[in-house]
Amino acid sequence: MKRLSNETLSHVPDRVQPPAYDRTQLKAGIVHLGIGAFHRAHQAFYTEAVLNRFGGDWGIIGCSLRSASVREQLAPQDGLYTLVERSSDEEKLQIIGAVTSVMVGPEDPAALVQVMADPAIKIVSLTVTEKGYCHDPATGDLNLENPDIQHDLRHLSNPKTAIGYLVASLKARMETGVSSFTAMSCDNLPNNGEVLEKAVHQFAGQVSPELAQWIRANTTFPCTMIDRIVPATTDADREHVESVLGLRDEGTVFTEPFTQWVIEDNFANGRPQWEEVGAQLVDDVEIFEKIKLRLLNGAHSTLAYSGYLAGFEYVSEVMSEPAFVRMIETYHAREAGETVTAPEGFDIESYKAQLRDRFRNTSLKHRTWQIAMDGSQKLPQRLLHTVREQLSGKGHIDIIALGVAAWIRYVTGVDENGDPIEVSDPMAQKLREICDRTQGNPEAMARGVIALREVFGTDLIDHPVFVEAVVYWLTEFYRKGVKATVQAHFTE
Ligand code: CS2
């Protein structure tokens, strides 16, 4: 079967929307670090819409900082891939042409630094996941003990981390008199621009005061709120696209129709007209980010751990179980709902109902296991900040405590049938050791995990209300199982 490419693009059927601009004229103005499925379904989708409307020089050089798999998918296809938007009863296919090439950092780090230092590059954007910031999630400080950060401080011209690449290329720009780019985080972190800025400044401060000063004066780090559910692509997805296109597309991405992007309008060196194609350019992103992280991601993580343990493979399956839906409705109404105030004109009740509908989308195969990844990096901003706010005002924390207990039960690495769980988390080993040591004693297990300062900070360790609530749920899980516990507590 022929591959999708510039040459075969004209063969795609009419129901598939191709790029509307001349790709041969497309130049790159953006380098994106972390070209996974999420970027291809979100920022590249908005940029494609800008190119479709205005043409221009905002093509994207996509970079992988780890494996070569995306390059292998996209290079033979000249960067083209199919984006499939699926609701429960409809699907829309579009070919995205915004990606001009894909680079693999580890193959030649200096070459990537050089590309990032090119004056044509005006924006470097990132989706490198929470752990890619190499920071301490509880304090937000760059973790100077992180072995990859230590490597980058010693070998700045051949970096490994996103932070190292940013500082190395900004240093090259300073030394050659090239104006700075904008560094734009698109990861699911509160104040993601500030997190990135702090990490870059702390790293640059270790390199030279002059560089740190130059970055402070020239580089901007807008905050963004990004939202679109993008499950990992499956073989069945690729086969489906092949049957529609009559061409093989190894790089296809499936997503939902919903999409939202709120961007702080703080760019050092120009930007595409994303506001013309649906993005919101605003002065302050914080409230949007807080609403999304707490109502969407907090619910997602709670559903993922409890749902996985209850035997559900996909989020839509968890949402077919009424007790789990009631649990999330209660979480939305009370715990997360009580800590967010919607901006003027934002109908938060419809937003919550819409979120639950999005989770119910049966045409997306979103695995609970996928969301369960990296809990140690996600829990602080998704659940624990809410706990702190609620505890300070004696608010509800029950379902958050349930979510934390489900996470602890999950990272034991053994499910309720005694089968292994593949726990993917930078702290997996440490977590496993605590759980193994305290096996059979849910209270000791909960206390042992909550003592992890990197995740829980220092204030929750001895908080009697929080600790007691987590111990309660974990004990229930071991006694009755997760599904029966949720059913017992969230029946009408
Ligand atoms: C999910 C998110 O994998 C996860 O942890 O909660 O990726 C979620 O799908 C997106 O944030 C939706 O915008």
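**Exercise 1.** In this predicted model, find which helix supplies the largest share of the shell around the ligand.

Solution. Start with the residues that surround the ligand: Asn188, Asp227, Arg228, Ile229, Lys292, Asn297, His300, His366, Ile371, Lys378 and Arg382. Next, look for helices that each supply at least two residues of this shell; helix 10 (286–309) and helix 16 (375–392) do so. Helix 10 gives three residues, the largest share.

**Exercise 2.** Sort the shell around the ligand by residue class.

Solution. Five residues of the shell are charged, four are polar and two are nonpolar.

**Exercise 3.** Give the distances from oxygen atoms of the ligand to polar side-chain atoms of Asp227, Lys292 and Asn297, then state how much of the ligand the protein buries.

Solution. For Asp227, a side-chain N or O atom is 2.6 Å from a ligand oxygen. For Lys292, the corresponding distance is 2.7 Å. For Asn297, a polar side-chain atom lies 3.0 Å from an oxygen of the ligand. The ligand taken alone exposes 340 Å², and the protein buries 89% of that area.

**Exercise 4.** Decide how helix 12 and helix 17 are oriented to each other, and list residues that meet where they pack.

Solution. Helix 12 spans residues 322–333 and helix 17 spans residues 398–411; their axes are 9 Å apart, at an angle of about 125°. Angles from 65 to 115 degrees count as roughly perpendicular and those over 145 as roughly antiparallel. The two helices are therefore oblique to each other. From helix 12, Met327, Thr330 and Tyr331 meet Ile399, Ile400 and Leu402 of helix 17. By class, this contact has five nonpolar residues, one polar residue and no charged ones.

Conventions
Residues are numbered from 1 along each chain as its sequence is written. This is a predicted model: local features need pLDDT of at least 70, side-chain atom pairs count only at pLDDT 80 or more; totals for chains, interfaces and linings use all residues. Side-chain values use heavy atoms; hydrogens and water are left out. Axes are lines fitted to C-alpha atoms, for helices over the stretch in contact, and angles run from 0 to 180 degrees between N-to-C directions. Helices (H or I, at least four residues) and strands (E, at least two) are DSSP runs, numbered from the N terminus. Angles under 35 degrees count as roughly parallel, over 145 as roughly antiparallel, 65 to 115 as roughly perpendicular and the rest as oblique. Contact means heavy atoms within 4.5 Å. Ala, Val, Leu, Ile, Met, Phe, Trp, Tyr, Cys and Pro count as nonpolar, Asp, Glu, Lys and Arg as charged, and the others, Gly among them, as polar. A residue is near a molecule or strand if one of its heavy atoms lies within 4 Å of it. A polar contact is a pair of N or O atoms within 3.5 Å; within protein, one must be able to donate a hydrogen and the other to accept it, and residues adjacent in sequence count only if both atoms are side-chain atoms. Accessible areas come from the Shrake-Rupley method with a 1.4 Å probe; for residues, only the protein chains shown count as cover.
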